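Biologist: Please take a close look at one part of this model, the aromatic contacts. Then place that part in its surroundings.

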Amino acid sequence: MLKKGILGKEQAIVSHSNSAVSMGSGSLEVFSTPSMIALMECAAANSVKAHLEPGKTTVGVSIEAKHVSATPLGMTVYCESELLEVDGKRLAFKITAFDKCGIIGTATHERMIIDAKRFMEKAASKKEIKA
């Protein structure tokens, strides 16, 4: 059962593939903002996965993030999420990202609980729309 207070944690090692230069979000070999946001979403999504009914999943619908400190290649980064609110199908999270020197980013994030099959059918139906 979903309830306020569920915690999540995910980590990654900063590498060329998740750097700003590789992601196209900058010109430096540091952990990219898009990669930090993806790790934040992963922490939130995975934290509630086991609490969902069969056939249900969550999708991210909004994130407001601040990336406040650079992390160099080779260092481990991790995100901690906390489920702050369950409002019907809407889930609200607070997420903080860290490296060994401290906080590198913060975010508020919303996800919606959806029926996976119905969602994919609706997405696939866009292929049928004539331009």
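Modeller: A search of the whole structure, which is a predicted model, turns up 1 aromatic pair. The partners are tyrosine 78 and phenylalanine 98. Their ring centres lie 5.0 Å apart, and the planes make 20 degrees. With planes under 30 degrees apart counting as stacked, this pair is stacked. Tyrosine 78 belongs to strand 3 and phenylalanine 98 to strand 4, so the pair ties together parts 20 residues apart in sequence.

How buried or exposed are the two partners? Tyrosine 78 has 24% relative accessibility and counts as partly exposed. Phenylalanine 98 has a relative accessible area of 16% and is buried. The cut-off for buried is under 20%, so phenylalanine 98 falls below it at 16%, while tyrosine 78 does not at 24%. Tyrosine 78 has another contact to note: the charged end of lysine 9 sits over its ring, 4.4 Å from the ring centre.

Now the sheet around the pair. Its 5 strands form an open sheet in the order 1-3-4-5-2, with antiparallel pairing. Strand 1 (7-13) and strand 2 (56-67) are the edges. Each has a single partner strand, so one side of each lacks a neighbour in the sheet. On average, neighbouring strands are turned by 25 degrees against each other, direction ignored.

Helix 2 (residues 33-49) packs on this sheet. Helix 2 touches strand 1, strand 2, strand 3 (76-87), strand 4 (90-99) and strand 5. The direction of helix 2 makes about 140 degrees with that of strand 2. Helix 3 (residues 116-125) also packs on the sheet, where it touches strand 2 and strand 5. The direction of helix 3 makes about 90 degrees with that of strand 5.

Next, the pairing of strand 2. Strand 2 and strand 5 (residues 102-115) run antiparallel and are joined by 11 bridges. Within this pairing, valine 59 stands opposite methionine 112 of strand 5.

Last, the chain as a whole. The chain holds 3 helices and 5 strands. Their pattern along the sequence is β-α-α-β-β-β-β-α. The C-alpha trace spans about 45 × 40 × 20 Å along its principal axes. Of the 131 residues, 32% count as buried. Among contacts between residues at least 6 apart in sequence, 64% join residues at least 24 apart. The chain exposes about 8,000 Å², and carbon and sulfur atoms supply 56% of that area.

How values were computed
Residues are numbered from 1 along each chain as its sequence is written. This is a predicted model: local features need pLDDT of at least 70, side-chain atom pairs count only at pLDDT 80 or more; totals for chains, interfaces and linings use all residues. Side-chain values use heavy atoms; hydrogens and water are left out. Two strands pair if DSSP finds at least two bridges between them. Helices (H or I, at least four residues) and strands (E, at least two) are DSSP runs, numbered from the N terminus. Axes are lines fitted to C-alpha atoms, for helices over the stretch in contact, and angles run from 0 to 180 degrees between N-to-C directions. Contact means heavy atoms within 4.5 Å. Rings of Phe, Tyr and Trp (its six-membered ring) pair if their centres lie within 6.5 Å; planes under 30 degrees apart count as stacked, over 60 as edge-to-face and the rest as tilted. Buried means under 20% relative accessible area, exposed over 50%, partly exposed in between (1.4 Å probe, protein chains only). A charge sits over a ring if NZ of Lys or CZ of Arg is within 6 Å of the ring centre and within 35 degrees of the ring normal. Accessible areas come from the Shrake-Rupley method with a 1.4 Å probe; for residues, only the protein chains shown count as cover.
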